[in-house]
Amino acid sequence: MSSIPGGRLTTEQMLAELDLCEQLANGTLRITTRQGLQLHGVLKSNLKQSIREINRIKMTTFAACGDVNRNVMACPAPFRNNPAHQQMQQVAQQLAVHFRPRTTAYFDIWLRDEDGNETSAAEFTPVEEPIYGTHYLPRKFKMAVALPEDNCVDVYTQDLGLLAIVDEGQIIGFNLIAGGGMGRTPSAEKTFPAVGQKLAFVPSDQLIEVCEAVVAVQRDFGNRVDRKRARLKYLIFDWGMPKFRATVEEYLGRTLEDPHPADVTGVDDHMGWHEQGDGRLFLGINVENGRIKDEGNLRLKSGLRAILQRFQPEIRLTALQSIILCDIDPSDRPELESMMREYGIQAAEDLTLARRYSIACPAFPTCGLSITEAERALPAIIDELDVELAKLGLQNTKLAIHMTGCPNGCARPYTPDIGLVGRAVGKYTMFLGGNPEGTRLAFTFRDMVPAEEIVGVLTPLLQAWKSESAAEESFGDFCCRKGQETLEQLIA
Ligand code: SF4
């Protein structure tokens, strides 16, 4: 997995990853829900070469996993005339660099023996980790940066979400939202998904220092005995936000400001054509569940390769597992659209918003923790759902559906309108009542729903939503307002 802060990479890097997936993996490349890239099916004997090739193109897998700060997400929209968008990307880069581990072990193990010499573990020289200390963090740590009007990176699901506060076009600081996290174990009641809580407003020039204090508190007080309860969300749950905030202040040596009143108000998938503010355009291309491959009439991998070679755009990856091509000259638009048609790549406006806002984790056959299908099951469910949405005239209405093959929640299934979480082979727990903006936890609506019954369960609810309020409120808001009991009556 390549760690890509803000989901930003060059055409050359993307083309090289496409080459790698053919040379060393299973011929497909996958965009993750954290704006990274995954190669699947890499043989153990090819692992070292894969990592070296990724580093050779100035990308890395370093800190893409482990008990450290993971890939830092940021809104990828390349509005060149909007300083706030550029500042968010800069902040993601700064955080990624600041919280990168200092250990040389990765380089010693994977990269150092370029001349063919083996490097033994005995040669590893420990280095001081100023942030992580000798034992690193109790568990992984996730950060993301967004704007209130566009929470496309789901700040409330992160250990530390950064909501940028903008004044006169410039980011003046951030509302820090702490203690979000998706994973849970159904058999362990002590585990649960959580949305983050507002911690403080932090001026831009103090951001790194305060983030470091938050990470240090988690490092020193996070649960190191029970790994299932090691994430920051459990520390904040056990302590309560006042104690957590007071401890962060103690580490900082000063008090924090109360959160700014601004909050998340919207979300955008950034698909389709947009003016980017400098006379050029950007184009968001939906990649269903992030999987870049050629299959049937949809030759996405070949098409993207041809388009990248022809137009050389900067690339941005989205948190909804899709791709943005930046800096397109408006005069190139007809040719680019023609190439998309040639390779069977659908324009965003030809897809329902349910498909555009749906994401899934890989699950079977590549994730060892999966209980059932997700990525391979969701397209057929969306096909069926699209038919029902078309009957109701709701194909252009936003509907976020996130599916995972197990409760660990890598596709953030506990906050959208509809969450589908693998529970047994072919069966899912259905969550309803979240929202596309990702500001609220959904509730468990039904357990052990067979995949083939999912749309049948949803259809009467969508009909009730349509007849009652689809014009004014989202499906998730409708479900939240009605509550589980009333929704069950609607189905009955
Ligand atoms: Fe994550 Fe579970 Fe999906 Fe694996 S199956 S990717 S652990 S949510």
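Contact here means heavy atoms within 4.5 Å. With that in hand, a good place to start in this predicted model is Thr247, which sits in helix H7 (residues 241-252). Leaving aside residues up to four places away in sequence, Thr247 touches Val217, Phe221 and Trp239. Its relative accessible area comes out at 9%, and since buried means under 20%, Thr247 counts as buried.

Next, the nonpolar cores. The largest one takes in 104 residues, and Leu162, Phe244, Leu399, Leu432 and Phe475 have the most contacts inside it. Helix H12 (residues 454-468) chips in with eight residues, the largest share of this core. Leu399 is worth a look of its own: with residues up to four places away in sequence not counted, its contacts are Leu353, Ala354, Tyr357, Leu385, Leu389, Asp417, Ile418, Leu462, Trp465 and Phe475. Phe475, then, is a contact of Leu399 and also sits with Leu399 among the residues with the most contacts inside the core. Apart from all this there is a second, separate core, made up of 39 residues, with Leu9, Leu18, Met59 and Ala306 among them.

On to empty space. Rolling a probe the size of a water molecule over the atoms shows where such space is left. For closed space, the count is one cavity of 30 Å³ or more. The largest cavity has a volume of about 110 Å³. Its lining runs to 14 residues, and Asp154, Val267, Leu320, His402 and Pro436 lie nearest the centre. Sorted by class, that lining has seven nonpolar, five polar and two charged residues. Both domain 1 (78-101 + 136-252) and domain 3 (354-491) give residues to the lining, so the largest cavity lies between these two domains.

As for open space, the second largest pocket has a volume of about 590 Å³. There are 23 residues lining this pocket, and Glu288, Arg291, Lys293, Leu298 and Pro379 are the ones nearest its centre. The class split for the pocket lining is nine nonpolar, seven polar and seven charged. Domain 2 (273-351) and domain 3 (354-491) each supply at least three residues to the lining of the second largest pocket. Domain 3 (354-491) thus turns up in both linings: alongside domain 1 (78-101 + 136-252) at the largest cavity, and alongside domain 2 (273-351) at the second largest pocket.

Methods:
Residues numbered from 1 in each chain as written. Predicted model: local features only at pLDDT ≥ 70, side-chain atom pairs only at ≥ 80, totals over all residues. Heavy atoms only, no water. 1 Å grid on protein atoms, 1.4 Å probe; cavity = no way out; pocket = protein on both sides within 12 Å on 5 of 7 lines; lining within 4 Å. Points joined across faces, edges and corners; volume = space filled by probe spheres on them. Nonpolar A, V, L, I, M, F, W, Y, C, P; charged D, E, K, R; others polar. Domains from an automatic or database assignment. Core = buried A, V, L, I, M, F, W, Y, C linked by side-chain atoms within 4.5 Å. Buried < 20%, exposed > 50% of the residue type's maximum accessible area, 1.4 Å probe, protein only. Helix = DSSP H or I, 4+ residues; strand = E, 2+ residues; numbered from the N terminus.
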